[in-house]
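The exercises below are meant to be worked through with the sequence and the 3D view at hand. Try each task before turning to its solution.

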Amino acid sequence: ALKHRLIFNPQAVVTHSPRDRMGSIFKWFVRRGRARGLALRHNGAGCEWMVTAMTSQSLRVLFVAAVAVMFGLPVLPVLAMLAVVYFLAVLARAWWSLKYYPSAVTFLLVPIVKFVMDVGMDAGIIASLAEEKGRD
């Protein structure tokens, strides 16, 4: 039995104010991450930390840094190369949207905004899971 009724309205229009600062984007994704952490906690069947570890961009960067240290590679150059690859990969995925951006500078900000979003999401998920774990 459902507790709540869901109504779908295809004519509904949702508007929001665009976020024009990296800090507001970060906070927005921390909130989204907290919600995702709660959903993982509720539906994760006990493996929410594993799911987070496997999907977290931030933890992937730490993993690459750890592997670099294990193999005696200089960490900063390895992370710099990873940043270049990440930047180019995000631009490649967003290439279709180039016609919608008013300037190349705006388009080039996409990977930076995506990185801020990823870190915010990870911070929110981890904070939410740690909070919930402390309550158990």
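**Exercise 1. Find which residues make the nonpolar surface patch of about 330 Å², and which helix gives the most to it.**

Solution. In this predicted model, the nonpolar surface patch is made by Met22, Val105, Leu109 and Ile112, and it covers about 330 Å². The next step is to ask where these residues come from: helix α5, which runs over residues 104–135, gives the most to the patch, with three residues. As a check on one of the members, take valine 105, which lies in helix α5. Its relative accessibility is 59%, and because exposed means over 50%, valine 105 counts as exposed.

**Exercise 2. Locate the patch of positive charge on the surface, and decide whether arginine 21 is buried or exposed.**

Solution. The residues that gather in the patch of positive charge are Arg19, Arg21, Lys27 and Arg31. Arginine 21 is placed in the segment before α1, the helix of residues 22–43. With a relative accessible area of 53%, arginine 21 is exposed. Histidine 16 can be treated in the same manner: this residue lies in the segment before α1, and at 58% relative accessibility histidine 16 counts as exposed. To place histidine 16 with respect to phenylalanine 107, compare sequence and space, where the two are 91 residues apart along the chain and 21 Å apart from C-alpha to C-alpha.

**Exercise 3. Determine how many salt bridges there are, and describe the pair formed by arginine 34 and glutamate 131.**

Solution. Counting a side-chain nitrogen of Lys or Arg within 4 Å of a carboxyl oxygen of Asp or Glu, one arrives at two salt bridges. In one of them, the side chains of arginine 34 and glutamate 131 meet at 3.0 Å, N to O. Arginine 34 belongs to helix α1 and glutamate 131 to helix α5, so the pair ties together parts that are 97 residues apart in sequence. Turning to accessibility, arginine 34 is partly exposed at 31%, and glutamate 131 is partly exposed as well, with a relative accessible area of 37%.

**Exercise 4. Describe the salt bridge between aspartate 118 and lysine 114, and say how each residue is covered.**

Solution. The side chains of aspartate 118 and lysine 114 meet at 2.7 Å, N to O. Both residues lie in helix α5, four residues apart, which is about one turn of the helix. The spacing can be read against a general rule: an α-helix has 3.6 residues a turn, so residues three or four places apart point the same way. As for cover, aspartate 118 is buried, with a relative accessible area of 11%, whereas lysine 114, at 27% relative accessibility, counts as partly exposed.

**Exercise 5. Work out how far apart isoleucine 25 and methionine 117 are in space and along the chain.**

Solution. Begin with isoleucine 25, which lies in helix α1 and is buried, with a relative accessible area of 9%. Along the chain, isoleucine 25 and methionine 117 are 92 residues apart, yet their C-alpha atoms are separated by 6.6 Å.

**Exercise 6. Compare the reach of helix α4 with its expected span, and name buried residues in this helix.**

Solution. Helix α4 covers residues 75–93, which gives 19 residues. From its first C-alpha to its last, helix α4 reaches 27 Å, close to the 27 Å expected at 1.5 Å a residue. Finally, the residues Val78, Val90 and Leu91 in α4 are buried.

Definitions and conventions. Residues numbered from 1 in each chain as written. Predicted model: local features only at pLDDT ≥ 70, side-chain atom pairs only at ≥ 80, totals over all residues. Heavy atoms only, no water. Patch = residues over 30% accessible without salt bridge, like charges linked within 9 Å, V, L, I, M, F, W, Y side chains within 5 Å. Areas by Shrake-Rupley, 256 points an atom, 1.4 Å probe, with all protein chains shown as cover. Lys, Arg positive; Asp, Glu negative; His and termini not counted. Charge placed at Lys NZ, Arg CZ, Asp CG, Glu CD. Helix = DSSP H or I, 4+ residues; strand = E, 2+ residues; numbered from the N terminus. Buried < 20%, exposed > 50% of the residue type's maximum accessible area, 1.4 Å probe, protein only. Expected span 1.5 Å × (residues − 1).
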